[in-house]
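Morning, everyone. I have one structure to walk through today. Let me put it on the screen.

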Amino acid sequence: MNAPAIQLAGLTKTYNPGTLVETEVLHGLDLALAEGEFAALIGPSGSGKSTLLNIIGLLERPTGGRLSIARRD
């Protein structure tokens with residue numbers, strides 16, 4: 001089996017860390033997707049779907065954990 005094209009390990013995202021309005025939206029997410037694999041991202045409004053896609057698309061940085069795309073961190 002080939003190495004995953006996208007791999008997330010313990011990914012977290014917190015907005016406004018250290019403030020009274022600190023909001024953790026991703027809580028230690030693990031995911032591995034192989035090249036050519038399809039996946040659906042579903043969940044209720046406010047569950048972090050767009051945040052996750054923004055992190056994978058390199059538009060936002062995760063607060064913690066590891067993101068690897070094509071074996072590059």
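**Charges, fold, core and ends**

Let me start with charge. The protein has 6 positive and 7 negative charges, and their mean positions lie 6 Å apart. Lys and Arg count as positive, Asp and Glu as negative; His and the chain ends are not counted. Each charge is placed at NZ of Lys, CZ of Arg, CG of Asp or CD of Glu.

A word on the source. This is a predicted model, where local features need pLDDT of at least 70, side-chain atom pairs count only at pLDDT 80 or more, and totals for chains, interfaces and linings use all residues. Residues are numbered from 1 along each chain as its sequence is written, and side-chain values use heavy atoms, with hydrogens and water left out.

Now the fold. There are one helix and three strands. The order along the sequence is β-β-α-β. Helices (H or I, at least four residues) and strands (E, at least two) are DSSP runs, numbered from the N terminus. The C-alpha trace spans about 45 × 25 × 20 Å along its principal axes.

How much of the protein is buried? Of its 73 residues, 23% are. Buried means under 20% relative accessible area, exposed over 50%, and partly exposed in between, with a 1.4 Å probe and protein chains only. The exposed surface comes to about 5,400 Å², and carbon and sulfur atoms supply 55% of that. Those areas come from the Shrake-Rupley method with a 1.4 Å probe; for residues, only the protein chains shown count as cover.

Next, contacts, meaning heavy atoms within 4.5 Å. Take those with a separation of 6 or more: residues 24 or more positions apart account for 52% of them.

On to the core. Which residues make up the largest nonpolar core? Ten in all: Ile6, Leu8, Leu11, Val25, Leu26, Leu33, Leu52, Ile55, Ile56 and Leu67. Strand E1 (6-15), strand E2 (23-33) and helix H1 (49-56) each supply at least two of these. A nonpolar core here is a set of buried Ala, Val, Leu, Ile, Met, Phe, Trp, Tyr and Cys residues joined through side-chain atoms within 4.5 Å.

Two core members in detail. Leaving out residues up to four places away in sequence, Leu26 touches Leu11, Thr12, Lys13, Gly48, Thr51, Leu52 and Ile55. Ile56 sits in helix H1. Ile56 counts as buried because its relative accessibility is 19%. With the sequence neighbours up to four places away set aside, Ile56 touches Ile6, Leu8, Leu67 and Ile69. From Ile56 to Ser68 is twelve residues in sequence and 8.9 Å in space, C-alpha to C-alpha.

Back to strand E1, for two threonines. Thr12 lies there. Its side chain reaches the backbone nitrogen of Gly64 at 3.0 Å. Beyond four places in sequence, Thr12 contacts Glu24, Leu26, His27, Gly28, Pro62, Thr63 and Gly64. Thr14 is in strand E1 too. Thr14 has a relative accessible area of 12%, so it is buried. With the same four-place exclusion, Thr14 touches Glu22, Thr23, Glu24 and Thr63.

Last stop: the segment after strand E3 (64-69), where Ala70 is found. Ala70 is not a glycine, yet has a positive phi of about 55°. Arg71 is also in the segment after E3, and has a positive phi of about 65° without being a glycine. Most residues other than glycine have a negative phi. Are these two buried or exposed? Ala70 counts as exposed at 55% relative accessibility, and Arg71 counts as exposed at 69%.

Notes
A polar contact is a pair of N or O atoms within 3.5 Å; within protein, one must be able to donate a hydrogen and the other to accept it, and residues adjacent in sequence count only if both atoms are side-chain atoms.
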